[in-house]
Amino acid sequence: MNLRESDLPGIGRKFCLDTRSGEKLVIVVHNDNRRDLFHMNPDDPDEVLSMVTLDDEEARTVAAIVSGIAYKPKLADNQEMVLDDLIIEWVRIEPLSRCIGCRIGQLDIRRQTGATIIAVTEKNQKKCMNPGPDYVFTAGSTLVVAGERMQLKELKRLLLHGSL
């Protein structure tokens, strides 16, 4: 993880975070207590993939959730020891993802990334366990995926851009 901070005179303070999984997050804390969160394209640091603006109360609520104050997963410590380098993660298919309308087999996900899609929960709450090569991606679906950190990073890039 790499964290950089810089002052924004007359605006507030900027925090740039490069995560271990390769994601880039920029947070601007404004002097008026607003917070802007920018999810940046890892391949083009000037391209914003998504943005959220939070007021002070919303930011504190999100901080409590993310820090584990509001909820701490019961098996988190055991999962990492048992699974070692294997990570199980939930990935949401965003509306602008290029994988929408494509089949798993068409994107050749396992060969391209090494990651595995274990299950899918669609927007209408329909569940698909162990989806096969004919499964078609839809916006708003959530994938349960497994792989090593770099494999999951590649999978997210493939889903977002439709190719590597």
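The following is a dialogue about the sheets, helices and largest pocket of a predicted model.

Visitor: How do you know that β1 and β2 pair?

Guide: Pairing requires at least two bridges between two strands. Seven bridges join β1 to β2, and the two run antiparallel, so the pair meets the criterion. One of these bridges sets E5 against F15 in β2. Between the two strands, the hairpin has three residues, and G10 has a positive phi near 80 degrees.

Visitor: What makes β2 and β3 a pair?

Guide: The cut-off is again at least two bridges. Strand β2, residues 12-18, and strand β3, residues 24-30, are joined in the antiparallel sense over seven bridges, so they count as paired. Opposite F15 stands I27 in β3, and opposite G12 stands H30 in β3. Five residues separate β2 and β3 in their hairpin, where G22 in the turn has a positive phi of about 95 degrees.

Visitor: Which strands of the sheet β1-β2-β3-β4-β5 are called edge strands, and why?

Guide: This open sheet has five strands in that order, with antiparallel pairing. The edge strands are β1 (2-8) and β5 (44-54), as each pairs on one side only. Neighbouring strands in the sheet are turned by 20 degrees against each other on average, direction ignored.

Visitor: Why is α1 called a helix, and how does its span compare with the expected one?

Guide: A helix here is a DSSP run of H or I with at least four residues. α1 has 12 residues, so it passes that length limit. From first C-alpha to last, α1 reaches 16 Å, close to the 16 Å expected at 1.5 Å a residue.

Visitor: What makes the approach of D55 to E57 a polar contact?

Guide: The limit is a pair of N or O atoms within 3.5 Å. At the start of α1, a side-chain oxygen of D55 comes to within 3.2 Å of the backbone nitrogen of E57, so the distance satisfies the limit.

Visitor: Where does α1 lie?

Guide: Helix α1, residues 56-67, lies across β4 (35-41) and β5, and runs at about 110 degrees to β5.

Visitor: How do you know that β7 pairs with both β8 and β9?

Guide: Each pair has to show at least two bridges. Strand β7 (residues 116-121) and strand β9 (residues 142-147) have five, in the antiparallel sense. β7 and strand β8 (residues 127-129) have three, also antiparallel. Both pairs therefore qualify. V120 is opposite L143 in β9, while T121 is opposite K127 in β8. In the hairpin of β7 and β8, with five residues between the strands, Q125 in the turn has a positive phi of about 75 degrees.

Visitor: What is the order of the four-stranded sheet, and which are its edge strands?

Guide: The order is β6-β9-β7-β8, in an open sheet with antiparallel pairing. β6 and β8 are the edge strands, each pairing on one side only. From one strand to the next, the twist averages 25 degrees. β6 and β9 pair over six bridges, and the bridge partner of E89 in β9 is V145. α5 lies across β6 and β9, at about 145 degrees to β9.

Visitor: What makes a residue part of the lining of the largest pocket, and which element supplies the largest share?

Guide: A lining residue has an atom within 4 Å of a point of the pocket. The lining consists of 29 residues, and E23, H39, L49, E94 and L160 lie nearest the pocket's centre. α5 gives the largest share, six residues. At least two residues each come from β3, β4, β5, β6 (87-92) and α5 (149-161). The space in this pocket is about 820 Å³.

How values were computed: Residues numbered from 1 in each chain as written. Predicted model: local features only at pLDDT ≥ 70, side-chain atom pairs only at ≥ 80, totals over all residues. Heavy atoms only, no water. Axes fitted to C-alpha atoms, helices over the stretch in contact; angles between N-to-C directions. Contact = heavy atoms within 4.5 Å. Expected span 1.5 Å × (residues − 1). Polar contact = N/O pair within 3.5 Å; in protein donor to acceptor, adjacent residues only side chain to side chain. 1 Å grid on protein atoms, 1.4 Å probe; cavity = no way out; pocket = protein on both sides within 12 Å on 5 of 7 lines; lining within 4 Å. Points joined across faces, edges and corners; volume = space filled by probe spheres on them.
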